[in-house]
Amino acid sequence: MKQLLRILLAAVGILAVVAVATVVYVTTFLDPEDFKPRLTAVVEEQTGLNLALEGPLTWSFYPRIGMRVEKARAWLPEQNEDNDPFAAVSSAEVSVAFGPLLRGDIAVDGLTINGLRLKLERDEQGEGNWNSLLERLSEGSGKAETVLAPASAGPHADAGNLAVVLNIASVEVKEGDIHYRDAQAGQTWHVNKLNVSGSNVNPVSSFPVKATFTLDRHDSLDAEALERTPNAQSDINLDTRIKLALAKQQFSLENVELTTRNRLVPEGEIQQLNLSAPLLEAWLAEKRLAIEEGVLEATLLKAENWDAGLNMALKFGLTSDWEAQTATFKKWELTGPDGLRMRGHLNVEQLLESPRYQGQVTASPFNLRAWLERV
């Protein structure tokens, strides 16, 4: 037993010496400020954004080795620095693998962003200020190249091109805030209290994502109107797996679980809407959306008419073309209280303007009197 105890104490001592030596080496020989030019160059190369790291870069050692910056802002290529930034963060921390760092390489193990701020705008012609960013990401998604130089070369070294495979073990966004101003629709949307977590994030295969946020809608572009109660508000929780195809401007959501609590008018009752589906696919360039075997469950409230919530469920498949303003609901089935059960298929045209419907509906016998009383 004494021999075993001595071995364990010796092992602990060796580990302690290694840990101390690691900290001494990093703090003595590696200056995180040397990474600033390379990091800003990487961001500009991959996204076109002009990045300003305004706070100092510092090392962090717990729970993982990493670098931290207190304040960063980024502008789109067509913006100047007198404008409000397209994106900003209060602080960000990147944890890295220690072995590659000694060789002058950066292997990202985790990413945490606090206080993310995004400013999205769409003009009256429908063009978004994010289009150039998406195009740049699409161009570089097939073969990502960076301008990272070896750390030992110093901050002014000539840039070298290194192949990069993005695979981050952990990503967290905390207390995010996104403003979206839509001049074409005359509306302003505000995403606040945004918290997102993902693991094994990469552009090749699907990875799990969880998100929670509050979404406010104001039917006005007036800045003063944004200080008043929103015209609609939703509390949203999303649990899914996401797969990105940036080159095709396509993304897929697998095993979607979306729960929402919605107030559709300022003084209205809270309405519960939940969506689940094994697969949701969106093609942004082609403006198409498809949902397989979706289930929409609703608990609707109307205090003056209904003593309790009205529970209903809709099973459906959906294909939609936003540009053509068409949608097809396949094999849908609506169920509700008092024996309500309806099914059929439905085609919709002029979806966004003056919808026109065509299809077939069949209904099983149900208590019509109870439904007329509710109406």
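## Close-ups of a predicted model

**View 1. Glu 281, a buried charge without a partner.** In this predicted model, Glu 281 is tucked away as a buried residue, yet no salt bridge goes with it. Look for the nearest side chain of opposite charge and you land on Arg 288, 7.7 Å away. A salt bridge would need a side-chain nitrogen of Lys or Arg within 4 Å of a carboxyl oxygen, so 7.7 Å doesn't make the cut.

**View 2. The surroundings of Glu 281.** Glu 281 sits in strand β16, which covers residues 271-283. Who touches Glu 281, if we skip neighbours within four places in sequence? The contacts are Gln 250, Phe 251, Ser 252, Arg 288, Leu 289 and Ala 290.

**View 3. Arg 288 over a ring.** Here Arg 288 shows up again, this time lying over the face of Trp 283. The distance to the ring centre is 4.2 Å.

**View 4. The largest nonpolar core.** This core has 19 residues, and the ones touching the most other members are Leu 280, Ile 291, Phe 316 and Leu 318. Several strands chip in at least two residues each, including β11 (168-182), β17 (288-300) and β19 (326-335). Which strand gives the most to this core? That's β16, with 4 residues.

**View 5. Zooming in on Leu 318.** Setting aside neighbours within four places in sequence, Leu 318 is in contact with Leu 289, Ala 290 and Ile 291, and also with Ala 327, Thr 328, Phe 329 and Lys 330.

**View 6. Another core.** Apart from the largest core lies another one, made of 14 residues. Among them are Phe 35, Ala 92, Ile 113 and Val 173.

Terms used: Residues numbered from 1 in each chain as written. Predicted model: local features only at pLDDT ≥ 70, side-chain atom pairs only at ≥ 80, totals over all residues. Heavy atoms only, no water. Lys NZ or Arg CZ within 6 Å of the ring centre and 35° of its normal. Buried < 20%, exposed > 50% of the residue type's maximum accessible area, 1.4 Å probe, protein only. Lys, Arg positive; Asp, Glu negative; His and termini not counted. Contact = heavy atoms within 4.5 Å. Core = buried A, V, L, I, M, F, W, Y, C linked by side-chain atoms within 4.5 Å.
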